[in-house]
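Me: Could you take a close look at one part of this model for me, namely how its domains are laid out and what lies where they meet? A connected walk-through would be lovely.

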Amino acid sequence: MRQMVMVGFLQAQNCTTLASAWRHPDARRDFTSAAYYQYIGQVLEAGKFQMAFFDDRLAMPDIYGGNPAEVVANGVRVVKIDPVATMMAMGLGTKYLGVGSTASTTYYEPFDVARRFQTVDHMIGGRAAWNVVTSVNDGEAHNMGRDVHMEHDARYDRADEFMEIVLNCWESWDDDALVVDKKSGLFADPNKVRRQEFQGKYLKTSGTFTVPRSPQGHPVVIQAGSSPRGKVFSAKWAETVFVGYPDVEDGKKQYKEFKDAIAGHGRDPDSVTVNTIAYPVVAETRSEAEDKMALIDTLYKEVDGLSLLSEALNFDFKTKGMDEAFSAEELDGMSGMQAMRNRVMQQTGRNPTVRDFLEVTRRGRPREAIVGSAKDVADRLEQWFVERACDGFVVAGTHTPGTFEDFVKFVVPELQRRGLYQKDYKGATLRENLGLGMPQNGWWR
Ligand SMILES: Cc1cc2nc3c(=O)[nH]c(=O)nc-3n(C[C@H](O)[C@H](O)[C@H](O)COP(=O)(O)O)c2cc1C
């Protein structure tokens with residue numbers, strides 16, 4: 001029987017995706033400690049989550065007002081420790097939970113990414129994943145020594161080349177290349193380790209990769225692009241996908257289109273799981289959950305929404321009045337998350353204002369939170385899953401570790417009782433737990 005995938009949406013930060021999360025009375029303050037991440041990992045593992053993954057951005061959202069003072073004072077996603085090091089800490093504190101981290105194809109080198117993730121995959125016994133992003137804004141460009149962020153679709157063209165190099169690296173050692181025979185003196189079979197020569201439009205490399213295959217071959221590839229070009233990239237490369245479908249009807253449509261696109265690449269669409277974001281706010285009873293939600297709503301500040309919009313759209317929202325419409329030129333120049341911009345334009349049906357962006361995107365506030373008892377939340381997740389609007393959920397926290405403790409305590413047993421969700425792990429590696437086989441060399445060519 002088909003069962004749900006469950007992914008914990010984590011941040012190696014001072015808050016969750018909700019900038020206000022650090023203000024919650026139950027939020028922990030030790031977000032730079034290994035103990036904090038290991039505890040969250042253990043909670044997710046008790047709830048049989050297949051994976052936890054850390055998102056990332058290579059800058060704080062100080063594009064807003066061109067100055068860090070306001071976002072620093074308000075704690076709007078300003079602490080971002082390295083997610084790969086953090087995922088390693090979490091992986092070492094857990095046994096079965098897959099752990100993933102985000103790394104940018106625009107700002108890192110493919111050899112480095114291939115080596116770092118493959119190393120973590122070894123260290124934690126084949127449970128690592130890489131969330132491939134192309135990054136979104138000039139703040140990231142400036143931190144990484146560039147003048148401007150690359151143009152949207154060109155980023156993905158570059159990312160295609162990046163993927164070829166990374167996969168070539170990961171495929172350059174055969175599963176059985178290592179011999180380590182002291183008697184014969186043979187360390188590894190030279191016929192099973194290949195050199196790579198790559199010359200593309202954006203990237204080149206020439207050399208031999210230095211990390212052998214891991215217990216699951218190599219890390220699982222995650223992708224979450226939602227623009228038309230992003231989806232083409234995702235359908236080609238992703239082994240599991242993260243999306244943020246707005247409602248179940250739209251989700252069903254996009255899910256089917258996306259699965260068709262995967263099949264269009266000659267790949268098996270059932271093997272690539274599509275996981276949509278869910279913000280559960282759950283308690284023993286519906287009215288207790290509503291009280292919890294009411295508290296969460298009080299934590300939001302307008303600076304959260306405005307600075308996160310500026311970050312996502314690569315445009316300083318402080319330069320506009322609240323009810324001033326954006327010009328066509330300004331809208332055109334927004335080079336960040338274009339699917340977000342397109343949705344706002346579609347829903348307002350005219351040139352949107354700052355207020356329209358805040359209202360349509362609800363940036364900084366929980367979008368479509370699922371508030372209720374275990375039954376209420378499970379009913380909603382079941383509907384999405386059974387009607388094929390998704391294969392699983394990226395569970396996002398209103399605060400940590402509270403959201404995950406509540407979800408594991410209330411929702412997980414209800415889903416398990418309904419047979420919709422695993423009662424135990426299927427294997428030791430992330431690939432086994434996602435139903436992915438060992439990767440076959442060259443499947444992507
Ligand atoms: C669950 C989820 C997690 C994401 N995590 C990140 C992230 O960590 N860093 C990032 O830059 N973008 C992240 N994104 C956004 C996408 O990866 C992508 O960068 C964004 O949609 C812009 O690309 P697009 O214009 O192709 O949509 C995430 C999206 C989803 C749905």
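Reply: Happy to. In this predicted model, the domain assignment splits the protein chain into domain 1, made of 5–173 + 200–285 + 368–433, and domain 2, which covers 302–361. Taken over C-alpha atoms, the centres of domain 1 and domain 2 are 25 Å apart. Where the two touch, domain 1 contributes 20 residues and domain 2 contributes 17.

On the side of domain 1 that touches domain 2, the elements giving two or more residues are helix H2 (69–74) and helix H5 (138–143). Of these, H2 gives the most, with 3 residues. Sorted by class, this side of domain 1 has 10 polar, 7 nonpolar and 3 charged residues.

Now let's cross over to helix H10, residues 302–313. From first C-alpha to last, this 12-residue helix reaches 17 Å, close to the 16 Å expected at 1.5 Å a residue. H10 is mostly covered, with 10 of its 12 residues buried. The buried set runs through Asp304, Gly305, Leu306, Ser307, Leu308, Leu309, Ser310, Glu311, Ala312 and Leu313. Here H2 and H5 come back into the picture: they are among the elements covering the buried residues of H10, along with H12 and helix H13 (354–361). Just after H10 comes asparagine 314, which has a positive phi, near 60 degrees.

The ligand is the other place to look. Its shell draws at least three residues from each of domain 1 and domain 2. In total 22 residues surround the ligand, and the closest are Asp55, Gly225, Ser227, Gly230 and Phe242. At least two shell residues each come from strand E4 (128–133), strand E10 (240–243) and helix H12 (338–348). H12 thus has two roles here, supplying residues to the ligand shell and helping to cover H10. By class, the ligand shell has 10 nonpolar, 9 polar and 3 charged residues.

One of those closest residues, Gly230, leads on to helix H7 (residues 228–237), where Gly230 is buried together with Lys231, Phe233, Ser234, Ala235 and Trp237. The cover over the buried residues of H7 includes E4 and E10, two strands that also supply the ligand shell. Helix H6 (152–170), strand E9 (220–223) and helix H8 (248–264) are part of that cover as well.

Notes
Residues are numbered from 1 along each chain as its sequence is written. This is a predicted model: local features need pLDDT of at least 70, side-chain atom pairs count only at pLDDT 80 or more; totals for chains, interfaces and linings use all residues. A residue is near a molecule or strand if its C-beta atom, placed from the backbone, lies within 6 Å of it. Helices (H or I, at least four residues) and strands (E, at least two) are DSSP runs, numbered from the N terminus. Ala, Val, Leu, Ile, Met, Phe, Trp, Tyr, Cys and Pro count as nonpolar, Asp, Glu, Lys and Arg as charged, and the others, Gly among them, as polar. Domain bounds come from an automatic or database domain assignment. Two residues are in contact if their C-beta atoms, placed from the backbone, lie within 7 Å. The expected span of a helix is 1.5 Å times one less than its number of residues. A residue is buried if 20 or more other C-beta atoms lie within 10 Å of its own, exposed if 12 or fewer, and partly exposed in between; C-beta atoms are placed from the backbone.
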